Amino acid sequence: MQPEVTQAGKQPDKMDRIYLDYNATTPLDPRVFDVMKPYFLEHFGNPASGQHAWGWTAEAAVTKARDQVAALLGAQVHEVYFTSGATEGNNWALFGLFHQIRAENPGAPIHVLTSAVEHSSVMNAARALRELGAEVDFLPVNSLGQVEPDTVARALKPHTRLLSFIWVNNEIGSVNPIHEIGRLAKNNQIYFHTDATQAVGKVAVDVDAAGVDMLTLSGHKIYGPKGVGAFYLRERRPHVTIKPLFFGGGHEKGLRSGTVNVPGVAGLGAACEILRHEMREENERVTGLRERLWSRLQAALPALRLNGPEHERSPINLSLTLPGRPVDRALPKLQKLGFSTGSACSAGRVSVSHVLSGLGLSEADAACTLRLSLGRWTTAEEVDRAAEILISAFGSDRI
Ligand code: PMP
């Protein structure tokens with residue numbers, strides 16, 4: 001069974017569909033797959049098997065991937081840990097630090113600041129920290145979905161120990177002023193974690209310039225495999241110590257036990273290497289396509305609103321609201337498009353995305369919101385066809 005891959009590396013879509021949901025997940029880059037494949041088949045060794053060649057070959061792949069991830073982040077190699085993805089990384093940052101502080105200083109109050117528009121893996125982990133006794137505040141964001149450094153500064157308490165803010169929002173694409181928040185954290189000697197899952201490969205991420213102590217990323221948002229991610233933990237100035245989430249055989253310097261997913265990690269490394277060389281050019285191209293899509297839609301649907309900032313936004317994301325035009329009613333006309341909606345109906349109840357409500361959107365407007373996200377294999381022809389489909393679905397009064 002041979003996968004059909006065109007020269008451009010694009011999987012041809014026989015159904016003539018257009019994938020505009022790169023924020024949800026990205027296709028694996030065939031170059032990444034080529035790197036991964038031997039580690040499923042001939043190089044299947046366990047990197048922890050230090051006494052034979054199978055183990056050494058696997059270990060060499062993991063070492064190479066650690067170098068590649070570190071190079072993309074401006075980190076030291078020993079500051080990179082492999083995980084199962086960003087959900088794990090985000091949980092690890094919050095629980096790992098909380099348990100460490102608790103162990104060092106039992107009974108001392110711990111205040112954690114995060115925002116109202118985080119990914120659910122931070123939101124729900126932060127809620128769970130409350131049950132363990134932490135004081136957690138979910139800061140409001142401005143009307144563009146960004147955390148304002150002044151809001152953070154005003155919310156600090158003498159016992160604030162951790163800030164956790166998303167770098168680039170997964171729903172609305174807004175970019176947070178991470179560098180400013182990083183300076184604030186440093187000046188106040190507070191640990192700083194960022195969920196950079198949607199930032200890596202989209203904006204310049206350098207852990208020292210940003211002043212972050214912990215950073216989370218995920219393979220499947222950067223044309224790498226699903227179920228693998230990396231976690232950055234600062235080693236120097238200051239050295240950050242956190243507790244493991246998993247206990248076991250002591251892999252990853254005892255901080256993340258579990259046999260390392262060698263093919264996944266090799267793929268994640270390759271995905272980072274590709275980004276290091278190509279992201280600047282790729283982002284320019286995708287930004288051009290995103291602007292082409294936005295201007296076509298805006299011209300035909302003047303009431304259309306862009307959520308989030310016009311400039312400080314992810315190059316791939318368009319979050320759009322067309323008041324009075326619920327997306328679910330247009331769905332039959334949108335079957336050929338892969339995109340996300342701003343609210344979901346389950347068991348007869350409409351649940352509005354917490355990000356859109358955090359932005360101040362009403363339930364009605366959230367139901368009229370869709371997220372289009374572009375990527376490595378989006379073409380101008382696809383953008384034009386997608387615009388036509390959207391305009392005919394939303395432009396008519398009969399939806
Ligand atoms: N954080 C953000 C901002 C995300 O977009 C996602 C994926 N939707 C995650 C965390 C979770 O990542 P993973 O799928 O690797 O667990």
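These are my notebook entries on a predicted model, written for someone opening the structure for the first time.

**Entry 1: the cores**

I began with the nonpolar cores. The largest one holds 63 residues, and Leu73, Phe165, Trp167 and Leu215 have the most contacts inside it. I then asked which element gives the largest share of this core. I found that helix α8, residues 262-300, does so with ten residues. Next I looked up the domains. Both domain 1 (7-28 + 279-395) and domain 2 (30-272) give residues to the core, so the core lies between them. There is also a second, separate core of 32 residues, and I noted Val286, Leu289, Leu293 and Leu306 among its members.

**Entry 2: the parallel strands**

I turned to strand β3, which covers residues 111-115. Strand β4, residues 135-139, pairs with β3 in the parallel sense, and I counted five bridges for this pair. To find the place by eye, I looked for Val112, which stands opposite Val136 in β4. Helix α4 (residues 120-131) belongs with these two strands: β3, α4 and β4 make a right-handed β-α-β unit.

I then asked which residue is the bridge partner of Leu113 in β5. It is Leu163. The pairing of β3 with β5 is parallel too, with three bridges.

Strand β5 itself runs over residues 160-166, and I noted that six of its seven residues are buried, so I wrote the strand down as mostly covered. With strand β6 (residues 191-195), β5 forms another parallel pair, over five bridges. Here Phe165 stands opposite Thr194 in β6. I had already met Phe165 as one of the residues with the most contacts inside the largest core. A right-handed β-α-β unit is made here by β5, α6 and β6.

**Entry 3: the antiparallel sheet**

My next stop was an open sheet of four strands with antiparallel pairing, and I wrote its order down as β9-β10-β15-β12. Which strands stand at the edges of this sheet? I found β9 (305-306) and β12 (340-341) there; each has a single partner strand, so one side of each is left without a neighbour in the sheet. Strand β10, residues 317-321, runs antiparallel to β15, and five bridges join the two. A handy pair to look for is Thr321 opposite Thr369 in β15.

**Entry 4: the cavity**

I searched the whole structure for cavities of 30 Å³ or more and found one. The largest cavity has a volume of about 50 Å³. I listed its lining as Leu297, Leu301, Leu304, Leu320, Leu322, Leu370, Leu372, Leu390 and Phe394. The elements that give two or more residues to this lining are β15 (369-373) and α12 (380-395).

**Entry 5: a pocket and a cis bond**

I also looked at the second largest pocket, whose volume is about 320 Å³. It is lined by 17 residues, and the closest to its centre are Lys186, Gly211, Asp213, Arg237 and Pro238. Two elements give two or more residues to the lining, namely α6 (178-187) and α7 (207-210). Helix α6 gives the most, with five residues.

Arg237 and Pro238 made me stop. A cis peptide bond joins them, with omega at about -5 degrees. I placed Pro238 in the loop between β8 (229-233) and α8, and Arg237 lies in the loop between β8 and α8 as well. Although Arg237 is not a glycine, its phi is positive, at about 45 degrees. Is Arg237 buried or exposed? Its relative accessibility is 62%, so I put it down as exposed.

**Entry 6: single residues**

Lys253 also lies in the loop between β8 and α8. I read a positive phi of about 55 degrees for Lys253, again for a residue that is not a glycine. At 52% relative accessibility, Lys253 counts as exposed.

I looked up Glu88 as well, which has its place in helix α3, residues 86-104. Glu88 has a relative accessible area of 7%, so I noted it as buried. Glu88 and Lys253 are 165 residues apart in sequence, while their C-alpha atoms are 17 Å apart in space.

My last residue was Ala300, in helix α8. At 40% relative accessibility, Ala300 counts as partly exposed. Ala300 and Val207 are 93 residues apart in sequence, and their C-alpha atoms are 42 Å apart in space.

Conventions:
Residues numbered from 1 in each chain as written. Predicted model: local features only at pLDDT ≥ 70, side-chain atom pairs only at ≥ 80, totals over all residues. Heavy atoms only, no water. Core = buried A, V, L, I, M, F, W, Y, C linked by side-chain atoms within 4.5 Å. Buried < 20%, exposed > 50% of the residue type's maximum accessible area, 1.4 Å probe, protein only. Domains from an automatic or database assignment. Pairing = 2+ DSSP bridges. Right-handed = clockwise from strand over helix to strand, strands pointing away. 1 Å grid on protein atoms, 1.4 Å probe; cavity = no way out; pocket = protein on both sides within 12 Å on 5 of 7 lines; lining within 4 Å. Points joined across faces, edges and corners; volume = space filled by probe spheres on them.
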